[in-house]
Amino acid sequence: MQNIDRIKTRILIIEDNEMNRILEKDLLEQAGLEVLEAEDAESGLILARREKPDAIVMDLRLPDMLGIELAKILRQDKETGAIPIIFVTADIIGKNMNDLKASGFKEYVAKPIDTRTFVDQIKKYICRC
């Protein structure tokens, strides 16, 4: 159950590249969203379970685990299974797209991101924005 005292929509960014994470965070915060950050799968999983964000924006290639694997773990967890996952990646090709679909993702955003459309791509999966 979501905390009814929370006003802002919260997005968890799981991205190991600091420059990408800063850019995504800045764009989402400028749109009035609260942003949580993790630089690897392990800390992202901990944050997702503890904070239950409204959506997760995740890199496909993380230093400790592939984003696809993390998405599968999140999908199997009763507390995080319904959180929309949006992959942000430069690594989308045929086989990877099938793996992504099997992991339960909602959307992917190609890198380099388009700063003019990034927030809208994320917001369309969050009903409270």
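## Burial and overall layout

Of the 129 residues of the protein, 44% count as buried. Please keep in mind as you read that this is a predicted model. The secondary structure comes to 5 helices and 5 strands, and along the sequence these follow the pattern β-α-β-α-β-α-β-α-β-α.

How do the contacts spread along the chain? Taking contacts between residues at least 6 apart in sequence, 62% join residues at least 24 apart.

## Strand β3 and its neighbours

Let's start with strand β3, which spans residues 55-59. Is β3 mostly covered or uncovered? Mostly covered: 5 of its 5 residues are buried. On one side sit A55, V57 and D59, on the other I56 and M58, and both of these faces are covered.

β3 pairs with strand β1 (residues 10-14) in the parallel sense, over 4 bridges. Within that pairing, I11 has A55 of β3 as its bridge partner. β3 also runs parallel to β4, and 4 bridges join these two strands; here I56 is partnered with I85 of β4.

## From β3 to β4 by way of α3

Helix α3 (residues 67-76) joins β3 and β4 in a right-handed β-α-β unit. The buried residues of α3 are G67, I68, L70, A71 and L74. Seen down the axis of α3, these buried residues fall within an arc of 160 degrees, so they line one face of the helix.

## On to strand β5

Strand β4 (residues 85-89) pairs with β5 as well, in the parallel sense and over 4 bridges. In this pairing, V88 has V109 of β5 as its bridge partner.

Which residues of β5 (residues 107-110) lie on its covered face, and which on its uncovered one? E107 and V109 make up the covered face, while Y108 and A110 make up the uncovered one.

## Helix α1

Helix α1 covers residues 18-30, and its length can be checked with simple arithmetic. At 1.5 Å a residue, its 13 residues should span 18 Å, and the end C-alpha atoms are indeed 18 Å apart, so the two values agree.

The buried residues of α1 are R21, E24, L27 and L28. They cover an arc of only 135 degrees around the axis, which means that they sit on the same side of α1. What covers these buried residues includes β1, β2 (34-38), β3, β4 and α5 (118-123). On the face turned away from the buried side, α1 carries the exposed residues M19 and Q30.

Both ends of α1 are worth a look in your viewer. At the start, a side-chain oxygen of N17 reaches to within 3.0 Å of the backbone nitrogen of M19. After the helix comes G32, whose phi is positive, near 90 degrees.

## A closer look at L36

One residue to find in strand β2 is L36. Why does L36 count as buried? Its relative accessibility is 13%, and buried means under 20%.

Which residues does L36 touch, leaving aside those up to four places away in sequence? They are R10, I11, L12, I13, E51 and P53. P53 is 17 residues from L36 along the chain, and the C-alpha atoms of the two are separated by 8.2 Å. I11, another residue touched by L36, is the bridge partner of A55 in β3.

Terms used. Residues numbered from 1 in each chain as written. Predicted model: local features only at pLDDT ≥ 70, side-chain atom pairs only at ≥ 80, totals over all residues. Heavy atoms only, no water. Buried < 20%, exposed > 50% of the residue type's maximum accessible area, 1.4 Å probe, protein only. Pairing = 2+ DSSP bridges. Right-handed = clockwise from strand over helix to strand, strands pointing away. Expected span 1.5 Å × (residues − 1). Arc of directions from axis to C-beta. Contact = heavy atoms within 4.5 Å. Polar contact = N/O pair within 3.5 Å; in protein donor to acceptor, adjacent residues only side chain to side chain.
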